[in-house]
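Trainee: Could you pick one part of this model and take me through it closely, then show me what sits around it? I'd like one connected account, please.

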Amino acid sequence: MLEPLGQSQVMSYLKGLSKEHIIHLISFEKTEDWKKNIERSEILRDIQDHNIVWHPLKYHKRPSAFATFWDIFCGSLLGLYLIIRYQLKIVHARSYVPSVMALILKKISRVKYIFDMRGFWADERLDGGLWKRESKLFRVAKHFERLFLLSADHVVSLTYAAVREVEKFQYLKNNLPPMTVIPTCANLDLFKPQDVKQLNDSFTLGYVGSVGTWYLFKEVISAFKQLLEINPNAKFLIVNKGEHEYIQELLRKESLPKESIKLISAKHSEIPQLMSQMDAGIFFIKPTFSKQASAPTKLAEFLGCGIPCLSNSGVGDMALILETNRVGVAIKSFENETIKNGLECLLELKKQSDIQERCRNVALTNFSLKDGTKAYKKIYDGLLKIK
């Protein structure tokens with residue numbers, strides 16, 4: 001809960017759910033985050049103000065296998081105590097390792113279990129080159145994935161594309177659990193069109209967030225280079241934390257004009273103001289099997305701010321959302337000609353008088369935090385009615 005993802009993608013939902021349900025929250029916190037006393041105190045007050053009972057545990061990283069086993073043991077023991085002490089009825093686990101704890105608790109106490117997938121975690125490790133298909137770790141993780149899906153009283157997926165893949169699993173034939181799609185939502189009260197004057201009249205392409213692991217930043221730089229051929233006055237605004245040296249090295253290799261590029265860091269609360277200086281957003285993600293289950297937060301944030309995007313197909317429901325609603329372009333390959341065509345389509349989209357309104361409406365329809373909270377509430381209420 002002490003990291004941005006926990007605050008934006010966990011607490012945001014729990015605040016709404018805690019109005020009608022008693023919430024006990026178990027989290028595993030990194031030592032370096034826990035030492036930030038001021039931030040920790042602020043988050044604790046925020047959690048307490050919403051009548052959520054927080055049970056933070058220490059996250060252990062090394063040695064890897066033993067550390068994970070120890071965290072699972074501690075989390076399961078605490079969870080069992082809370083279930084017995086407070087007569088809790090539902091265990092809601094986000095991703096795979098927490099689901100091992102939830103599975104143990106379900107077997108012992110018969111509570112209802114929600115498997116909030118967040119993605120195909122084992123396949124992400126495979127696609128990311130961290131594991132090999134024949135490795136024991138991958139086989140064990142896939143074995144547990146099977147147990148999670150067969151044991152869950154309800155499954156939450158980030159994308160419809162992932163649901164279609166799960167429906168193909170042979171062991172779920174005639175055993176498919178109830179599934180609900182709740183994408184990665186954004187606080188659209190924060191991420192909304194801003195009344196900020198553009199710094200200049202040139203077209204500004206914007207990039208926000210990490211450039212590593214799944215993000216294809218070299219291809220993004222290639223796209224901007226081609227944008228300069230179309231519009232020599234174009235600007236590139238990059239908002240990133242912690243990877244500036246790597247980004248600058250890539251930019252130097254391409255010999256891009258320094259006056260065309262602005263690289264800055266920013267707090268999460270400052271992002272909407274910076275997005276208001278962008279005419280369009282861009283990000284490319286490796287289109288692997290595991291990414292069928294991904295819903296990048298930045299898509300919701302860009303569209304919430306009324307900004308069209310250039311991205312790629314093969315990642316969750318992203319291409320469908322962008323192109324069906326005409327709020328962006330999803331290219332099918334990273335060849336120069338394909339990227340150039342995508343940029344030209346993006347520039348034409350930006351000229352449309354209703355593009356900002358259209359982007360905002362798509363965000364409200366697909367990525368509303370309020371709608372996401374309602375969907376979780378419906379799951380909770382449905383499970384509590386089952387005896």
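Mentor: Let's begin with one helix and its cap, then move out to the sheets and a couple of single residues.

Keep in mind that this is a predicted model, in which local features need pLDDT of at least 70 and side-chain atom pairs count only at pLDDT 80 or more, while totals for chains, interfaces and linings use all residues. Residues are numbered from 1 along each chain as its sequence is written, and side-chain values use heavy atoms, with hydrogens and water left out.

My pick is helix 16, residues 369-385. Helices here are DSSP runs of H or I with at least four residues, strands are runs of E with at least two, and both are numbered from the N terminus. The 17 residues of helix 16 reach 24 Å from the first C-alpha to the last, close to the 24 Å expected at 1.5 Å a residue; that expected span is 1.5 Å times one less than the number of residues.

Now look at which way its residues face. Leu-369, Gly-372, Thr-373, Tyr-376, Ile-379, Tyr-380 and Leu-383 are the buried ones. They cover an arc of only 120° around the axis, which puts them on the same side of helix 16. The arc is taken from the directions between the helix axis and the C-beta atoms. Buried means under 20% relative accessible area, exposed means over 50%, and partly exposed is in between, with a 1.4 Å probe and protein chains only. That spacing fits the usual rule: an α-helix has 3.6 residues a turn, so residues three or four places apart point the same way. Flip to the other side of helix 16 and you find Lys-370, Lys-374, Lys-378 and Lys-385 exposed.

What lies over the buried side? The cover includes helix 1 (4-17), strand 1 (23-29), strand 3 (90-94), strand 4 (112-116), strand 5 (154-157) and strand 6 (179-181). Contact here means heavy atoms within 4.5 Å.

The start of the helix deserves a zoom. Ser-368 sits in the loop between helix 15 (355-366) and helix 16, and it caps the N-terminal end of helix 16, with a side-chain oxygen 3.2 Å from the backbone nitrogen of Lys-370. For a polar contact, the pair must be N or O atoms within 3.5 Å; within protein, one must be able to donate a hydrogen and the other to accept it, and residues adjacent in sequence count only if both atoms are side-chain atoms. Ser-368 is itself buried, at 12% relative accessible area. Leaving out residues up to four places away in sequence, Ser-368 touches Cys-185, Leu-188 and Ala-363.

Four of those covering strands belong together. Strands 3-4-5-6, in that order, make an open sheet with parallel pairing. Strand 3 and strand 6 are the edges, each with a single partner strand, so one side of each is left without a neighbour in the sheet. From one strand to the next, the twist averages 20°. Two strands pair if DSSP finds at least two bridges between them; strand 5 and strand 6 have three, in the parallel sense. Ser-157 has Val-181 in strand 6 as its bridge partner.

There is also an open sheet of six strands, ordered 9-8-7-10-11-12 and paired in parallel. Its edges are strand 9 (261-264) and strand 12 (328-331), each with a single partner, so one side of each lacks a neighbour in the sheet. Here, too, the twist averages 20° from one strand to the next. Strand 7 and strand 8 run parallel and share five bridges, with Val-208 opposite Val-239 in strand 8. Strand 8 is largely enclosed by the rest of the structure, because four of its five residues are buried. Strand 10 (residues 280-282) is joined to strand 11 (residues 309-312) by two bridges, running parallel, and Gly-281 stands opposite Cys-309.

Helix 10 (residues 244-253) lies across strand 8 (235-239) and strand 9, at about 165° to strand 9. Helix 14 (residues 336-351) crosses strand 7 (204-208), strand 10, strand 11 and strand 12, at about 170° to strand 12. These angles run from 0 to 180 degrees between N-to-C directions, with axes as lines fitted to C-alpha atoms, for helices over the stretch in contact.

Last stop: Asp-123, in helix 6 (residues 121-127). At 6% relative accessibility Asp-123 counts as buried, and its side chain makes a polar contact with that of Lys-142 at 2.9 Å.
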